[in-house]
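Please open the model in your viewer and keep the selection tool at hand. This tour moves from one selection to the next, with a pause at each stop.

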Amino acid sequence: MNTSIVKDSPRTSVRELTKVALVAALYVAVTVLLSVISFGAVQLRLSEMFNYLALYNKRYVVAVTLGVVLANFMSPTWILDVPIGGIATFLVLILCRMVTKNIKQDSWKMVITAVIFALSMFTVAGQLTILYDLPFWATWFTVGVGELLSMTVGGVTIYLLNKKIDLSK
């Protein structure tokens, strides 16, 4: 039995848990700080940039999903936004990892991820249609464009950050 592996396991677990908690907390903080533009039929949720972290390490699938669930408790539509937003985020992050796993260039992974997330905004449009009787197609368009813009700004930020810090570790 290799005692160094056993000895390092608790430290590694704490380190992993800390990274998950930090990203979840950052997602919540950015969403709440910018709550005026983070919720509604026209939204620019800049915290969506953290979605890209899941491309670098699978631990961030949990981190971002947890951040979304917690942040969505602040949403005016929290009753639907918490469960639907959490499940949708989890599934879309898994989908993005699967679709991009064989792509070598980070920039292409990010473009594909941004498009997938923008298209996935039908879930938000559906919630707003159910709760506020907003027109589905127009709402999907406005929320999708906002998501694409958020993901573009966030993509550049995460891409540049990964040049300085290895986000896969």
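If you select residues 111-132, how far apart do the end C-alpha atoms lie, and what percentage of the span is helix? In this predicted model, those end atoms are 31 Å apart, and the span is 91% helix and 0% strand.

Next, select residues 138-161, where the chain is 100% helix and 0% strand, with 34 Å between the end C-alpha atoms. Both stretches appear in the "transmembrane region" annotation of an unreviewed UniProt entry, which also covers residues 20-44 and 80-99.

Now colour helix α5, residues 78-100, and helix α7, residues 122-132, and look along the place where they pack, with their axes 10 Å apart and an angle of about 165° between them. Because an angle over 145 degrees counts as roughly antiparallel, α5 is described as roughly antiparallel to α7. The crossing of α5 past α7 is right-handed.

To see the contact itself, show the side chains of L80, D81, I84, G85 and A88 on α5, together with T123, Q127, I130 and L131 on α7. Sorted by character, the residues of this contact comprise 5 nonpolar, 3 polar and 1 charged.

Finally, select the whole protein, which has 8 helices and 0 strands. The radius of gyration is 17 Å, close to the 15 Å that the globule rule gives for 169 residues, so the protein is as compact as a globular protein of that length. As you rotate the view, compare the principal axes, along which the C-alpha trace spans about 60 × 35 × 25 Å.

Terms used: Residues are numbered from 1 along each chain as its sequence is written. This is a predicted model: local features need pLDDT of at least 70, side-chain atom pairs count only at pLDDT 80 or more; totals for chains, interfaces and linings use all residues. Side-chain values use heavy atoms; hydrogens and water are left out. UniProt positions are given in the numbering used here, feature names are shortened, and annotations may be inferred rather than shown by experiment. Helices (H or I, at least four residues) and strands (E, at least two) are DSSP runs, numbered from the N terminus. Axes are lines fitted to C-alpha atoms, for helices over the stretch in contact, and angles run from 0 to 180 degrees between N-to-C directions. Angles under 35 degrees count as roughly parallel, over 145 as roughly antiparallel, 65 to 115 as roughly perpendicular and the rest as oblique. A crossing is left-handed if the near helix is turned anticlockwise from the far one by less than a right angle, and right-handed if clockwise. Contact means heavy atoms within 4.5 Å. Ala, Val, Leu, Ile, Met, Phe, Trp, Tyr, Cys and Pro count as nonpolar, Asp, Glu, Lys and Arg as charged, and the others, Gly among them, as polar. The radius of gyration is taken over C-alpha atoms; the globule rule is 2.2 Å times the number of residues to the power 0.38.
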